[in-house]
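Student: I have a structure to read and would like to go through it step by step. Where should we start?

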Amino acid sequence: MRKGIVYRALLVVALIVAAVIYLVPSFVTSLPDWWVRFFPSRKIRLGLDLRGGTYLLLNVDLEKAKENALDQHAEQLRRALREEHIAGVEVERVGQSLRVRTPTQEAKNATEKVLAEQFPMLTMTGAPAVAEGEMALVFDRRETQRLQEYALEQSLETLRNRIDQFGVTEPSVQRQGDQDIVVQLPGIQDPERAKALIGKTAVLEFKLVAENGTGGENTEILNGQERDPLSGQMRRVTYTLEKKTLMTGDVVADARVRPSTEFEGPYVELVLNDRGARLFEQITREHVGRRLAIILDNTVYSAPVIRERIGGGRASITGSFDIKEARDLAIVLRAGALPAPVTIAEERTVGPSLGKDSIEQGILSFIVGGSLVVVFMVVYYKWAGVLADVAVLLNVIFLLATLAAFEATLTLPGIAGIVLTLGMAVDANVLINERMREELRAGKSARAAVEAGYERALPAILDSNITTFLSGLILFQFGSGPVRGFAVTLCIGIITTVFTAVFCTRLVYDTLLARRRLVAVSV
Amino acid sequence: MELIKPGTTIDFVRYTKWALLFSASLILLSCGSFWYHGGLNYGVDFAGGTVVQIRFNQPTNIADIRRALATVNIANITVQDLGQGGNEFLIRMPASESGSQDLSTQMQQALTGQFGEQAFEVRRIETVGPRVGKDLRRKALLAVLFATVMIGGYIAFRFEPRFGVGAAVALAHDVLIAAGALSLMNMEFDLTVVAALLTVIGFSVNDTVIVCDRIRENMRKMRRETLAAVINKSINETLSRTIITSGTAVLVIISLLVLGGEVIHAFAFALLVGITVGTYSSIYVASPIILFWAQEDRRR
């Protein structure tokens with residue numbers, strides 16, 4: 001009996017020491033070197049709702065990614081058919097499938113052979129809309145899956161690159177499910193700018209402006225902006241462009257901001273890779289005197305006249321932007337295009353001042369709520385109440401230490417969860433104390449009352465905590481962000497409650513009983 | 001100190017009919033409120049849309065803000081004064097199916113145009129797309145249903161099937177009334193409220209567990225007595241504990257409600273109502289079901 005008490009006491013002391021060690025980094029601003037070397041330096045992490053920041057849920061447009069891939073395959077198929085000298089076959093993408101029209105049965109057989117040999121990922125569908133002499137092709141399941149996976153991974157990579165260059169401390173870019181990406185930017189000052197940077201697909205294209213600005217079969221009309229040289233106001237202009245894309249952003253090796261000069265604003269200089277340099281030289285050589293439009297995400301940035309052949313692999317994007325916009329443009333061009341457009345499906349931004357207020361309000365309600373409970377317990381249960389209060393205090397220490405040890409995120413609802421734990425934790429002691437009162441009233445000795453109180457109350461304590469724990473788990477599964485923080489503190493709080501309210505308080509009674517100091521229970 | 005004197009014998013079972021009437025009227029009131037308000041008053045989490053909380057450097061007229069926002073071409077913008085001396089406002093915009101996604105950007109530009117760049121600070125932006133809102137709504141409903149069933153199942157497993165059914169019905173009763181109270185107060189139903197409801201489910205079943213535990217214990221001791229007598233004795237014996245535990249929980253919840261700030265106001269309110277009703281329901285909803293079930297068994 002006595003030995004058991006010693007071991008239990010050692011366990012409790014060891015845990016308290018460990019808890020305090022884990023808590024030190026969160027409450028001491030600068031840790032000495034020797035501490036960092038030997039002890040944990042992890043802190044309780046504050047959620048975005050407390051420290052301020054932006055949470056974005058991005059939805060990757062996988063349909064569009066599939067369409068882009070189909071376009072690429074259509075181009076490859078046309079080239080393959082040319083190489084095999086199969087003439088008169090038309091290849092066109094219609095929505096989510098490729099339509100291949102063959103003029104003769106012979107051509108059809110030859111095309112099918114090419115498809116079978118070189119394009120095994122495309123399968124025929126017997127869509128009812130398919131006309132005579134026409135085949136409808138779609139990607140098979142495996143290819144579709146691979147494409148979607150690729151689009152998502154590629155988007156993740158590109159977004160990470162962009163955000164890394166944006167300069168936020170501890171950003172997080174994570175995949176969620178099959179088509180979503182979660183971006184978290186703590187302590188960000190300008191969420192609007194971040195959103196613009198993240199939301200850009202950044203597809204860069206070079207196209208020729210149609211001669212004489214006339215429309216026609218192979219032209220398209222795109223919008224652009226330019227500064228009126230007289231008034232200095234921005235105005236919208238439309239460009240008629242040839243549809244054919246001469247060069248795309250994948251040849252960009254680097255992009256730099258060039259500061260503004262006397263004559264023009266800041267601009268972005270592109271450094272092209274070898275292939276790009278050759279291509280650009282060829283384009284400029286063949287089209288001297290024409291205007292070359294530089295298009296980003298279907299908006300024309302500028303359309304300068306090609307004066308001469310340009311070698312050396314450098315191109316520049318001028319336009320009417322300020323230095324900030326130019327810098328962000330350089331970032332997205334360096335990081336590359338997204339394989340598919342993304343849309344912001346959810347945004348939660350909390351400014352730093354609100355975060356600070358939330359922390360203060362959280363701490364205040366913690367102190368007030370906690371004090372009310374502590375005072376009540378002492379008034380109602382006398383010394384047993386004091387004991388319950390000590391248990392509650394230990395409970396809070398263990399709870400916070402566990403949060404620090406697991407680097408769990410503390411949110412405002414999470415603080416509410418801790419406050420709630422204060423109110424609910426005493427339940428276990430209330431149960432035990434009520435039982436002890438009953439046993440004492442039945443005329444039992446102090447020792448018997450303590451033992452019966454704990455034994456009889458334990459099943460009910462466990463049952464009631466397990467049910468709360470279960471709903472906490474469900475909440476964790478369901479919730480995101482702040483709500484999840486609540487589920488975490490609730491669940492950890494339950495575990496620490498059972499330990500402190502039952503195990504630790506029992507230890508005190510057993511110690512007193514073993515030393516025969518406890519003649520009457522003050523409850 | 002003792003709130004409930006030992007040996008208290010209130011004949012709870014006798015008032016069962018009145019309690020049923022009371023519960024029924026609360027539920028009717030809740031449903032009436034849902035009907036009157038056209039369903040729950042979903043916050044931005046579930047309805048989709050944008051909420052922007054801004055604070056001006058000096059007291060600002062709400063009409064001026066409305067006028068500035070009129071230049072933005074979005075229907076149904078509402079502006080609410082948060083009562084911080086006319087400095088702080090909440091601007092709500094419903095989700096638009098086709099419109100531009102950057103409502104908050106447009107809104108900020110409009111305000112900057114009217115009041116200048118340094119005049120205000122954006123304290124919070126929440127935007128939820130219609131797809132996400134619908135998804136969250138479905139998930140929330142599932143979570144609440146799942147929690148109720150799972151806890152009912154746990155009680156059925158630990159005690160007896162009829163105890164489980166009693167607990168599950170009591171929980172559904174509590175959740176419905178808590179949601180009804182929110183609706184009556186015209187408070188917003190958002191993610192934190194769902195967190196509160198799930199907590200109510202987990203916490204309010206505690207009382208039911210304690211009462212059931214005592215009923216089971218007393219059923220062994222009092223074999224000669226009727227079940228009604230056993231239930232009465234059990235509720236009386238655990239009454240003190242029930243009231244004190246709920247009391248301490250209510251103490252901290254009131255402190256959250258009063259001091260915790262705007263962000264968790266609805267959360268604290270839902271908890272307060274849910275836990276208060278949950279205390280009552282463990283006495284008056286779960287036990288009558290157990291009793292009713294037993295009488296049916298005997299009749300057969």
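Tutor: This is a predicted model. We can start with one pair of strands: β14 of chain A, residues 267-272, is joined to β17(A) by 4 bridges. The direction in which β14(A) and β17(A) run is antiparallel.

Student: Which residue in β17(A) does Leu270(A) stand opposite?

Tutor: Leu270(A) has its counterpart in strand β17(A). The residue opposite is Ala315(A).

Student: Which strands stand at the edges of the sheet, and why is one side of each left without a neighbour?

Tutor: The sheet is open, has 3 strands with antiparallel pairing, and follows the order β13-β14-β17 in chain A. Each edge strand has a single partner strand, so one side has no neighbour in the sheet. The edge strands of chain A are β13 (252-258) and β17 (314-317).

Student: By how many degrees are neighbouring strands of this sheet turned against each other on average?

Tutor: The direction of the strands is ignored for this angle. The average turn between neighbours is 25°.

Student: At about what angle to β13(A) does helix α9 of chain A run?

Tutor: Helix α9 of chain A covers residues 323-335 and lies across β13 and β14 of chain A. Its angle to β13(A) is about 170°.

Student: Which helix gives the most to the side of domain 2 of chain A that touches domain 3 of chain A?

Tutor: In the domain assignment of chain A, domain 2 is 62-141 and domain 3 is 146-348. The contact takes 7 residues from domain 2 of chain A and 7 residues from domain 3 of chain A. On the domain 2 side, 6 residues come from one helix of chain A, residues 62-83, which is α4.

Key:
Residues are numbered from 1 along each chain as its sequence is written. Chains are lettered from A and ligands numbered from 1 in the order in which they are written. This is a predicted model: local features need pLDDT of at least 70, side-chain atom pairs count only at pLDDT 80 or more; totals for chains, interfaces and linings use all residues. Domain bounds come from an automatic or database domain assignment. Two residues are in contact if their C-beta atoms, placed from the backbone, lie within 7 Å. Helices (H or I, at least four residues) and strands (E, at least two) are DSSP runs, numbered from the N terminus. Two strands pair if DSSP finds at least two bridges between them. Axes are lines fitted to C-alpha atoms, for helices over the stretch in contact, and angles run from 0 to 180 degrees between N-to-C directions.
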